[in-house]
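Me: Hi! Could you walk me through this one? I'd like to go through it piece by piece.

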Amino acid sequence: MSKVHAVITGIGAYVPEYRLTNAELSVLVETSDEWITKRIGIKERRILKPEEGEGVSYLALKAIENLRSKRDFNPLEIEAIIFATATPDYILPNTAALVAAQAGMTNAFGFDLEAACSGFLYGLEVGNSFIACGKYKKIMVIAGDILSIVTDYKDRNTCPIFGDGCGCALLEATTEEVGIMDSILRSDGSQPEILHMYGGGSKNPSSHETIDQRLHYIWQDGKIVFKHAVANMVNTCQDVLQRNNLSINDIAWVVPHQANLRIIDSVAGYLGIPREKVMINIEKYGNTSAGTIPICLWEWEPQLRKGDKIILTAFGGGFTWGATYLIWGY
Ligand code: UT7
């Protein structure tokens, strides 16, 4: 491949220290370790305690620090920061700009991107396109959330699922046959009632009423989301494989969004990929939304080899979903 495109040249991540266990959740709502483990596959999730007084920019800065401890770079060379998050520090200013200032990436322009759990795939697509157009050479894609702030710890349908965490990927220009090769991204906003957090935006600005109505928490019809997630992740994975003349046997790793172990197992089953080639860490971190895929890549980084063909796939609020085909570059 002689066309310029982006390759991931470093990956970092950070999850908060505090572990919220199933036993602790069982005190807050009527649930049990057995139910959560069997129906969702989560044992614990990491939570950034509110008393720490930090936002998602804090997780991002820690993730960047982690990346730089393994693969250092000059922050002044970063030209753009794309921050995929549904839980920015503030509505204004954008979190990417805050991170740029604090990480010394003062030559970069930055913006936030909201695509819920599919945010990392959307961020990679935008970053890859910026690089492929020839104008940029080094871009930081950050993806992560603090879902604990929008989780209703009185709702047993949602509170066992979500956790906090963030990852980041350094994208650089290459003409080698490695990097982001293709992606298929989709969205469908025709059924917002199935998965939403309606409060705090321009339609339902924050007020005593929106708080009383619990509109600042995520609500979902889990069963319907589950079905959409499996079907759409499988379809986009199959489409991206076919479009690149690949069979599932060519793939070294599938990296699925970590929303429910049963969703992951169903997707793997339909794709026909053995479980040992599927990155799964949901039992430790739960669903960190945009953070799940970069956190998986970070955890499996020591096992990845240059040339490994990898499929990333996600589904989340919006709905948003997609599949990205990449070849690992180091
Ligand atoms: O990141 C993208 C967005 N989210 C997702 O991808 C999530 C997709 N959905 C799911 O993961 C699952 O649908 C859930 C984990 C949310 C729920 O699991 P489920 O197996 O679909 O359970 P269900 O909603 O069908 O409920 C079955 C039963 C119900 O009781 P009855 O009516 O049969 O008596 C629920 O009230 O399980 C009950 N239940 C619980 N019981 C103990 C629901 N949540 C809990 C709980 N503990 N935490």
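Reply: Happy to. One term to begin with: buried area is the accessible area, with a 1.4 Å probe, that two parts lose on being put together, summed over both. Keep in mind that this is a predicted model.

Me: Good. Which domains does the chain have, and where do they run?
Reply: The domain assignment gives domain 1 as residues 5-177 and domain 2 as residues 181-327. The contact between them takes 51 residues from domain 1 and 48 residues from domain 2.

Me: How much area do domain 1 and domain 2 bury between them?
Reply: About 3800 Å², with 60% of that on carbon and sulfur atoms. The centres of the two domains, taken over C-alpha atoms, are 14 Å apart.

Me: And how many salt bridges and polar contacts are there between domain 1 and domain 2?
Reply: Three salt bridges. There are also 21 residue pairs in polar contact, with both residues at pLDDT 80 or more.

Me: Which element gives the largest share of the domain 1 side?
Reply: Helix H5 (119-132), with six residues. Other elements that each supply at least two residues include strand S1 (5-14), helix H2 (33-39) and strand S7 (164-174). By residue type, that side divides into 23 nonpolar, 13 polar and 15 charged.

Me: Let's do salt bridges. How many are there by the count?
Reply: The count comes to 12 salt bridges. One of them joins Glu172 and Lys138, where the closest N and O atoms are 3.4 Å apart. Glu172 sits in strand S7 and Lys138 in strand S6, so this pair ties together parts that are 34 residues apart in sequence.

Me: Are those two buried or exposed?
Reply: Glu172 is buried, at 13% relative accessible area. Lys138 counts as buried too, at 15% relative accessibility.

Me: What about Arg214, where does it lie?
Reply: Arg214 is in the loop between helix H6 (208-212) and strand S10 (219-220). Its side chain meets that of Asp152 in a salt bridge, 3.0 Å from N to O. Asp152 is in the loop between S6 and S7, and the two residues are 62 apart in the chain.

Me: Why does Arg214 count as partly exposed?
Reply: Because its relative accessibility is 36%, and partly exposed covers the range between 20% and 50%. Its partner Asp152 is at 9% and counts as buried. Beyond its neighbours within four places in sequence, Arg214 is in contact with Asp152 and Lys154.

Me: Switching topic: what goes on around helix H4?
Reply: H4 covers residues 95-102, and Thr95, Ala96, Leu98, Val99 and Ala100 are buried there. What covers those buried residues includes helix H3 (56-70), strand S4 (80-84), strand S5 (109-113) and strand S6 (138-146).

Me: Which residue caps its N-terminal end?
Reply: Asn94 does, with a side-chain oxygen 3.0 Å from the backbone nitrogen of Ala96. Just after H4, Gly104 takes a positive phi of about 75°.

Me: Last one, helix H10. How many of its residues are buried?
Reply: Seven of its nine, so H10 (292-300) is mostly covered. Ile293, Cys296 and Trp300 are among them. Glu299, in H10, is partly exposed at 25%, and its salt bridge with Lys284 has the closest N and O atoms 2.2 Å apart. Lys284 lies in helix H9 (residues 282-285), 15 residues away in sequence.

Terms used:
Residues numbered from 1 in each chain as written. Predicted model: local features only at pLDDT ≥ 70, side-chain atom pairs only at ≥ 80, totals over all residues. Heavy atoms only, no water. Helix = DSSP H or I, 4+ residues; strand = E, 2+ residues; numbered from the N terminus. Buried < 20%, exposed > 50% of the residue type's maximum accessible area, 1.4 Å probe, protein only. Contact = heavy atoms within 4.5 Å. Polar contact = N/O pair within 3.5 Å; in protein donor to acceptor, adjacent residues only side chain to side chain. Domains from an automatic or database assignment. Salt bridge = Lys/Arg side-chain N within 4 Å of Asp/Glu carboxyl O. Nonpolar A, V, L, I, M, F, W, Y, C, P; charged D, E, K, R; others polar.
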